[in-house]
Amino acid sequence: MRGKLQPIEIGIDGEGRIARIAKSIRGGVREDLGDRVLIPAATDLHVHLREPSTGPRVESFRSGTEAAALGGVTAVADMPNTEPPIDRPARVREKQDRARGELAVDLILYAAVGPQTAIESLGAVAGAFKLYLSPTTGIEQPPEEGSVPSLLARVAATGLSLTVHAEEPLAFRTVTKLDSPIAWDAHRPIEAEQRAIAGLLPGPPGLRLHIAHVSAPAVANSVRGSGHSFEVTPQHLLLAARRDDSARFKVNPPLRPPAIRAGLWDEFRAGRVPVLSSDHAPHPALVKDQEFARAPSGMPGVETTLPLLLEKVREGELGLDVLQSAACDRPARWLGLSHGRLAVGERANLLAVDFRRHRPIQAARLRTACGWSAFEGWEAVFPERHYRDGQLIVADGEFVGARNGVVVRPDYARA
Ligand SMILES: [Zn+2]
């Protein structure tokens, strides 16, 4: 492990914020974590919890946020491509109502940006914006290329952050048999990401722009050069496209060839990737286990993203400081939330991790309701304890908290 581990005590005030960090603090109720490692809890700025929905759905705010809690994630940002999509203020409020009393962790609500969207009034109620440049689950009609600059300028004026799914459909290639992750990679090449990003950058002044699920080092380099934020997912970091894999491994953008995957991992471990997100897409197994070409894209991940990467820390392949920055600090800052650092004034959203204990991922034991994982059998380090605002919400693999997570909005000044 890189960085310095040292014995500390943390004082938490009545509002659940970190009040003091010192070698030793007197008074108050004390809890001894032994020689477990204390780190800030993660923020996942890309999940699909599927509420509301009309189709076959397994996930809900209840199951999805409990999965997040068990995976060490203290705040999730929920994507707007639901049924119906979240593209007007009334639908944001409806979603807030559905979430009440259900949330194991905090929730940030994205609103969708489209040609007909009331961006200005949505800016007053949503937590962030999402723009899809290619059709996806729930979004059939992405905005026309010519309209994008004015949409970006209007989003910039709201002050909210914007996440973009950046793949340019005009760069997709015709592939006769879409029957494997290799064919999917050929159909939606890296060039589609690069073209979409070239059309977005540099963007209007003041825009807080974040590119979702960058799949290749070359794409990471273009975004980094522009000064904007971007994320990678554990699937693009750890899984390469393989001929024999099923549609469970179908994601957008596609899994890439081994050398590209290895290059992305090198970028990540060098600390050159700002954000780690799951793109948690909990499709039921029944829907994924069909002909490759017909199956929807996406895989579950909110519960396993941090544990998989903590395992890499355990193995000595990744610095804990690098992981903490990408999984905890930067995603929270980008969303305007004040947690993700061990620092006075931050919310005491914390994890106690025992790096001597790891176990293989078993989908049957996961809390996400979709019941499968592309990482079945992979070793992982699950946090033993999770505190939200200083309150214990996970102990020894069980959710023990109250359903009192809240829908939060950005406070950039405080974050
Ligand atoms: Zn997504």
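## Reading the zinc site and the spaces around it

In this predicted model, the donors of the zinc ion are spaced along the chain as H-x1-H-x230-D.

Trainee: Which atoms stand behind that spacing, and where do His48 and Asp279 sit in the chain?

Mentor: A spacing pattern is best read together with the donor atoms themselves, which here are His46 (NE2), His48 (NE2) and Asp279 (OD), lying 2.1 to 2.2 Å from the zinc ion. His48 belongs to the loop between strand E4 (42-47) and helix H1 (61-70), while Asp279 belongs to the loop between strand E11 (275-276) and helix H10 (285-288), so that the pair, 231 residues apart, links distant parts of the chain.

Trainee: Are His48 and Asp279 buried or exposed?

Mentor: Burial is judged from relative accessible area, with buried meaning under 20%. His48 counts as buried because its relative accessibility is 7%, and Asp279 is buried as well, with a relative accessible area of 10%.

Trainee: Which residues lie nearest the centre of the largest cavity, and how is its lining divided?

Mentor: A cavity is read from its volume and then from its lining. The largest cavity has a volume of about 140 Å³, and of its 16 lining residues, His48, Thr136, Thr137, Asp279 and Ser297 lie nearest the centre, so two of the zinc donors, His48 and Asp279, reappear here. The lining divides into two nonpolar, eleven polar and three charged residues.

Trainee: What lines the second largest cavity?

Mentor: The second largest cavity, with a volume of about 70 Å³, has among its lining residues Ala42, Thr43 and Asp44, together with Leu276 and Val302. Strand E4 gives the largest share of this lining, three residues, and the whole lining divides into six nonpolar, four polar and one charged.

Trainee: How many residues line the largest pocket, and which elements contribute to it?

Mentor: A pocket, unlike a cavity, is open. The largest pocket holds about 1400 Å³ of space and is lined by 41 residues, with Ile8, Glu9, Ile10, Leu33 and Leu38 nearest its centre. Strand E1 (9-12), strand E3 (37-40), helix H12 (320-335) and strand E16 (391-395) each supply at least two lining residues, and the largest share, four residues, comes from E1. The lining divides into 17 nonpolar, eleven polar and 13 charged residues.

Trainee: What does the radius of gyration say about the chain as a whole?

Mentor: One compares the value with that of a compact globule, which for 415 residues would be near 22 Å; the chain has 20 Å, which agrees. Of its residues, 58% count as buried, and residues 24 or more positions apart account for 74% of the contacts with a separation of 6 or more.

Note on methods:
Residues are numbered from 1 along each chain as its sequence is written. This is a predicted model: local features need pLDDT of at least 70, side-chain atom pairs count only at pLDDT 80 or more; totals for chains, interfaces and linings use all residues. Side-chain values use heavy atoms; hydrogens and water are left out. On a 1 Å grid over the protein atoms alone, a cavity is a set of points where a 1.4 Å probe fits but cannot get out, and a pocket is an open set with protein on both sides within 12 Å along at least five of seven lines; lining residues have an atom within 4 Å of a point. Grid points are joined across faces, edges and corners, and a volume is the space filled by probe spheres set on the points. Ala, Val, Leu, Ile, Met, Phe, Trp, Tyr, Cys and Pro count as nonpolar, Asp, Glu, Lys and Arg as charged, and the others, Gly among them, as polar. Donors are N, O and S atoms within 2.8 Å of the metal (3.2 Å for Na, K and Ca); water is not among the atoms, so sites may look incomplete. Buried means under 20% relative accessible area, exposed over 50%, partly exposed in between (1.4 Å probe, protein chains only). The radius of gyration is taken over C-alpha atoms; the globule rule is 2.2 Å times the number of residues to the power 0.38. Contact means heavy atoms within 4.5 Å.
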